[in-house]
Amino acid sequence: MNSKSALGFVVVGILMMAVPTLLPSWFPHSGPDASNAGSTWLLCMGVVEISIGAYYLVRHSLFPALKRMGAQRAQVRRSRVAWRTARDSISGN
């Protein structure tokens with residue numbers, strides 16, 4: 001799965017969750033607790049779709065970005081140590 005299809009999963013999940021709210025006449029209350037199996041199914045599957053898409057987006061976008069930021073931070077830390085060492089050796093401390 002790539003980022004475009006993961007984003008598609010998120011969008012489809014949002015639409016699946018929004019349809020029962022936006023079009024309540026398509027989902028008449030049929031249960032004893034005034035629920036509808038179709039709307040409940042769409043809500044649950046919307047959560048699943050969003051979860052799958054968000055997992056791949058986080059895994060393929062956020063984790064590499066955090067890894068790069070950590071590497072850059074370590075590089076800055078190493079360069080600061082090198083500068084301090086060079087400064088101390090020049091000043092005789």
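This report describes the overall form of a predicted model and then two local features of helix α2.

**Overall form**

The protein contains two helices and zero strands. Its radius of gyration is 26 Å, whereas the globule rule gives 12 Å for 93 residues, so the protein is more spread out than a compact globule. Along the principal axes, the C-alpha atoms occupy a box of roughly 85 × 25 × 15 Å. Among contacts with a separation of 6 or more, 70% join residues 24 or more positions apart. The remaining whole-protein values are tabulated below.

| Quantity | Value |
|---|---|
| Share of the 93 residues that count as buried | 13% |
| Accessible surface of the protein | about 7300 Å² |
| Part of that surface belonging to carbon and sulfur atoms | 67% |

**Surroundings of S39**

Helix α2 spans residues 37–91, and S39 is found in this helix. S39 has a relative accessibility of 12%; because buried means under 20%, S39 counts as buried. A polar atom of the S39 side chain lies 2.9 Å from the backbone oxygen of N36. Leaving aside residues up to four places away in sequence, S39 touches P20 and F27.

**Nonpolar patch**

V58, L62, F63, L66 and M69 make a nonpolar patch on the surface, with an area of about 470 Å². One of these residues, F63, is found in helix α2, as is S39.

Definitions and conventions. Residues numbered from 1 in each chain as written. Predicted model: local features only at pLDDT ≥ 70, side-chain atom pairs only at ≥ 80, totals over all residues. Heavy atoms only, no water. Patch = residues over 30% accessible without salt bridge, like charges linked within 9 Å, V, L, I, M, F, W, Y side chains within 5 Å. Areas by Shrake-Rupley, 256 points an atom, 1.4 Å probe, with all protein chains shown as cover. Salt bridge = Lys/Arg side-chain N within 4 Å of Asp/Glu carboxyl O. Helix = DSSP H or I, 4+ residues; strand = E, 2+ residues; numbered from the N terminus. Rg over C-alpha atoms; globule rule 2.2 N^0.38 Å. Buried < 20%, exposed > 50% of the residue type's maximum accessible area, 1.4 Å probe, protein only. Contact = heavy atoms within 4.5 Å. Polar contact = N/O pair within 3.5 Å; in protein donor to acceptor, adjacent residues only side chain to side chain.
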